[in-house]
Amino acid sequence: MPELPEVETMRRGIDPCIGMRIKEVEIVASPRRPIKISPKPAALRKRLRGTTIVGTDRAGKRVVLLLDTQDHLIFEPRMTGLVLLTDPPSQEHLRLRLQLGRNTQLRGVRELELLYWDRRGLGLVRLMSPSEFATAFGTERLGPDALGTTADILAERLGDSRRAIKVALLDQRAVAGIGNLYAAEILHRAQIHPATPCRRLRTDAWQRIAAATRRILAAAIRYEGSTLSDGTYRNALNQSGTYQNHHQVYDREGEKCRRCRKHEVRRIVQAQRATFFCPGCQIR
DNA sequence: ATTAATGTTCAGAA
DNA sequence: TTTCTGAACATTAA
């Protein structure tokens, strides 16, 4: 569920780490629940210990830690991963602990540490050289960031596709950062039916989709992302987001559309995932 | 008590 | 080439 707004919120939340040195690396993996990391624990520990965090970044739905060695430490939360500064939801699913020096910026926290917690354990932690990073997340593998997308970018990359627009928006090589939740909200705001084939969309439709993408993602970041009913997603300080209170269609099957207040939100399945839309506002 | 559903990514098939 | 399917995994709701 961490999509672009949630991952961006995590990234901003760990900014107090910038300038700090990694004193100790603790890989918390039980044999039953091995953490998915590369390189192997010993090599990872060796390459991380003593390095200084010089910046943070985001590659689609991944948090990137920039190190003074030029290495990139990637956190890919997938479903239930969290990057935290304090207070993990439970000790049980803690996967990685980076002990940093004493903190000077964050009130109430003495020893700063960076934690990776992951309930389901589908997420990945990877340390990469600049060239490995470039191959893994270059333009071949990851499209332009959704926050800065335009009608031209979308039409150029998806305009000829026969896929349904909802499915295409989830393609990270086309545009990076949109997931199932925000795809639904974006198409609702743009008033496009999720099953519309991309190649049937005209310029005005692409413009509405691009504008809705920028607006919705930016708003969701302002509200620090969406914490759904399972409560998994939290920011770096283990606090819930609040954008779920602004959802128009996602997970609202059978409820009245918040835009037209007339039709009930419908749920269909596309590419084996749930799609929510308003049959009144999003005509085919 | 079993089964379905949840969402992201990738390998491999159609 | 493009699009689709299933697996990885944990937990909960039905």
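Leaving aside neighbours within four places in sequence, Tyr182 touches Glu3, Pro5, Glu6, Ile216, Leu217, Ala220, Gly225, Ser226 and Tyr243 (contact: heavy atoms within 4.5 Å). This is a predicted model, in which local features need pLDDT of at least 70 and side-chain atom pairs count only at pLDDT 80 or more, while totals for chains, interfaces and linings use all residues. Residues are numbered from 1 along each chain as its sequence is written, chains are lettered from A and ligands numbered from 1 in the order written, and side-chain values use heavy atoms, without hydrogens or water.

**Nonpolar cores**
- The largest nonpolar core has 39 residues. Such a core is a set of buried Ala, Val, Leu, Ile, Met, Phe, Trp, Tyr and Cys residues joined through side-chain atoms within 4.5 Å.
- Tyr182 is among the residues with the most contacts inside this core, as are Ile165 and Trp206.
- Two or more residues each come from H4 (151–158), H5 (165–169), H6 (180–190), H7 (203–222) and strand E11 (273–277). Helices (H or I, at least four residues) and strands (E, at least two) are DSSP runs, numbered from the N terminus.
- H7 gives the largest share of this core, 10 residues.
- A second, separate core of 35 residues includes Leu48, Leu82, Leu115 and Leu127.

**DNA strand B**
- There are 17 residues around DNA strand B, and Met79, Leu122, Tyr250, Arg267 and Arg273 come nearest (near: a heavy atom within 4 Å).
- The residues of this surface divide into 9 charged, 5 nonpolar and 3 polar.
- Sugar or phosphate accounts for 70% of the strand B atoms within 4 Å of the protein.
- Phosphate oxygens of strand B lie 3.2 Å from a polar side-chain atom of Lys61 and 2.9 Å from a polar backbone atom of Asn180.
- An N or O atom in the Glu3 side chain is also 3.2 Å from a phosphate oxygen of strand B.

**Salt bridges**
- The count is 17 salt bridges (a side-chain nitrogen of Lys or Arg within 4 Å of a carboxyl oxygen of Asp or Glu).
- Glu26 pairs with Arg97 at 3.1 Å, N to O. Glu26 lies in strand E1 and Arg97 in strand E7, so the pair ties together parts 71 residues apart in sequence.
- Arg97 is buried at 15% relative accessible area, whereas Glu26 is partly exposed at 33%. Buried means under 20%, exposed over 50%, partly exposed in between (1.4 Å probe, protein chains only).
- Asp71 bridges to Arg47 at 3.2 Å, linking the loop between strands E4 and E5 to helix H2.
- Glu8, Arg11, Arg12, Asp15, Arg58 and Asp145 form one network through shared partners.

Definitions and conventions:
Polar contact = N/O pair within 3.5 Å; in protein donor to acceptor, adjacent residues only side chain to side chain. Nonpolar A, V, L, I, M, F, W, Y, C, P; charged D, E, K, R; others polar.
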